[in-house]
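Colleague: I'm a first-year student and I'd like to learn how to read a model like this one. Could you take me through a single part closely, and then show me what surrounds it?

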Amino acid sequence: MTFVRLPLYSIRFLTFLLVLLGLAHLGQAQVQLRGVVRDRETQEVLPFASIAVLGTTNGTTTNLEGEFTLVVKQLPAQLLVSELGHIRDTVRVTSGAQPLNITLASAAVALPEVKVASFPFQLVDRAFRNLARNYRRTYYGRAFYRQITRIDDEPTELQEVVWNVKSNPARIEGTTLAQGRYAGVQAPISLSNFSVYTRRYGLFDIRQDSTTSLALFSSNVEKNYLLELKGILGEDSTGGVAEISFETRPELAYQSQGTVWIDLETNQVVRYRVVQPSFTGSTSNPRQKFTNAKLTIEMAFKSGGKAGIAPLELMKMDLTTDLTEPGKEPLAIKVSSFTYFYDQSTTPQRLPYAQASLTDRDLDDIRAKPYDPEFWANNPVVKRTPAEDEVVAAFEKKGAFGSMVKGQSRKPARR
């Protein structure tokens, strides 16, 4: 075998050429798409719409303003766009230079020809049994959580974390903090542990006695709830997703009302929304009380799950209440949190997942990890709406994330 010795300048040129080809390949391999999804008739934005690259597991979800960001390997790409209550559509994208404006047509709503009063109860019972049967199905991934607290419409707290999360088709089972940041201003109250509601809430808990549970998904749904079938989202009444409104019976002390969407073919819960006007809470200050409290919870699950089960995709918690204290004007409190689940699989991860506890202290966990501004500035999963961008910028300008509001005497709220 004969080796040919190349001149030094030739080797340098070949090395330079290989680097250029490598950079060109990398440049082509990653294309960031941005856009907004709207209703075709009303032009209203569609939050929680799903955008996925056709034939892959790569996808994302629109934020509260209907906006999305998605990185694809190459163009052209076929995007499958879907949203509950709208007809899914396929969009071919050839350029990422301009934001995409995607519109979806409303799905037809039909009622079965024979509207039997027991039909919605049957659907809820099937969904309950489906949850119980598949409760041991475990998913591992990550979740991005953002919380903003406002007092009299002024932002006083911002908390953002990324959890390693373990979940099942009904709830979060455990989390461990991967990254986190918190900022706040001096205020009469803080709700830095509000994330416990997201981490503890679920449609069904196998550890509880379902015969005494007041949850919608239990074996005694007929005893505790009034149900009404609002319609079927789909081409006809034989398939699609059933929309069912529910409310607790008036004789119960616990009160809640909402809507649940159930896939007729798989008995999978697709989306769930509940309002709890009977929410109760307290603070570490005995003079302070919460009045007129209302908690709104939304959960969405990935569609198209095998065997009628799918992992969580979104959770949203909104609390509105008045904070009263003798001798002072009531303060209007609003806390909003949004959780997006991503990178999910059934492959077990060797991580110390912990169940949420009322004694958890989010700030202690966040302070234990150094603040990394680059992680938050360049992470595409950190979805922000324009209003939230403004809040983030205000806190960053004050340097609040790095200081963690040291030296302030804060009064954390507790359940």
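How many residues line the second largest pocket, and which of them lie nearest its centre?

Modeller: Happy to help! Please keep in mind that this is a predicted model. The second largest pocket is lined by 41 residues, and those nearest its centre are Arg 171, Arg 200, Tyr 201, Gly 202 and Gln 208. Strands E11 (172-184), E15 (269-276) and E17 (289-301), together with helix H3 (195-200), are the elements that each give two or more residues to this lining. As for its volume, the pocket comes to about 980 Å³. If you wonder how a program finds a space like that, rolling a probe the size of a water molecule over the atoms shows where empty space is left.

Let's step back for a moment. The protein has 415 residues, and 48% of them count as buried. Its secondary structure amounts to 8 helices and 20 strands. Among contacts between residues at least 6 apart in sequence, 64% join residues at least 24 apart.

Now let's follow strand E15 away from the pocket. In the loop between strand E14 (257-263) and E15 you find Asn 267. Asn 267 is not a glycine, yet it has a positive phi of about 65 degrees. Most residues other than glycine have a negative phi, and most peptide bonds are trans.

The next stop is the protein's interior. In the largest nonpolar core, which has 61 residues, Leu 216, Phe 217 and Tyr 272 have the most contacts inside the core. Leaving aside residues up to four places away in sequence, Phe 217 touches Val 124, Ala 127, Phe 128, Leu 131, Leu 203, Phe 204, Val 260, Val 269 and Tyr 272. Another core, of 17 residues, lies apart from the largest one and includes Val 31, Phe 68, Val 72 and Val 81. In soluble globular proteins, nonpolar side chains tend to be buried together.

That second group brings us to the sheets. Strands of a sheet pair through backbone hydrogen bonds, either parallel or antiparallel. One open sheet has 3 strands in the order E4-E1-E7, with mixed pairing. E4 and E7 are its edge strands, each pairing on one side only. Neighbouring strands in this sheet are turned by 35 degrees against each other on average, direction ignored. Strand E1 (residues 31-39) pairs with strand E4 (residues 67-72) in the antiparallel sense, over 6 bridges. Here Gly 35 has Phe 68 of E4 as its bridge partner. On the other hand, E1 and strand E7 (residues 100-104) run parallel and are joined by 5 bridges. Val 36 stands opposite Asn 101 in E7, and the bridge partner of Val 37 in that strand is Ile 102.

A second open sheet is built from 4 strands in the order E3-E2-E5-E6, with antiparallel pairing. Strand E3 (59-61) and strand E6 (89-93) each have a single partner strand, so one side of each is left without a neighbour in the sheet. In this sheet, neighbouring strands are turned by 20 degrees against each other on average, direction ignored. Strand E2 (residues 50-53) and strand E5 (residues 77-82) run antiparallel and are joined by 4 bridges. Two of the partners to look for in E5 are Leu 80 for Ala 52 and Leu 79 for Val 53. E2 also pairs with E3 in the antiparallel sense, over 3 bridges, and there Ser 50 has Thr 61 as its bridge partner.

The loops are worth a look too. The hairpin of E2 and E3 has 5 residues between the strands, and in it Gly 55 takes a positive phi near 80 degrees. Thr 57 lies in the loop between E2 and E3. Thr 57 has a relative accessible area of 87%, so this residue counts as exposed. The C-alpha atoms of Thr 57 and Asp 343 are separated by 9.2 Å, although the two residues are 286 residues apart along the chain.

In the loop between E1 and E2 sits Gln 43, which has a positive phi of about 65 degrees although it is not a glycine. Gln 43 counts as partly exposed because its relative accessibility is 37%. Finally, Pro 76 is found in the loop between E4 and E5, and the peptide bond from Leu 75 to Pro 76 is cis, with omega near 0 degrees.

How values were computed:
Residues numbered from 1 in each chain as written. Predicted model: local features only at pLDDT ≥ 70, side-chain atom pairs only at ≥ 80, totals over all residues. Heavy atoms only, no water. Pairing = 2+ DSSP bridges. Core = buried A, V, L, I, M, F, W, Y, C linked by side-chain atoms within 4.5 Å. Buried < 20%, exposed > 50% of the residue type's maximum accessible area, 1.4 Å probe, protein only. Contact = heavy atoms within 4.5 Å. Axes fitted to C-alpha atoms, helices over the stretch in contact; angles between N-to-C directions. 1 Å grid on protein atoms, 1.4 Å probe; cavity = no way out; pocket = protein on both sides within 12 Å on 5 of 7 lines; lining within 4 Å. Points joined across faces, edges and corners; volume = space filled by probe spheres on them.
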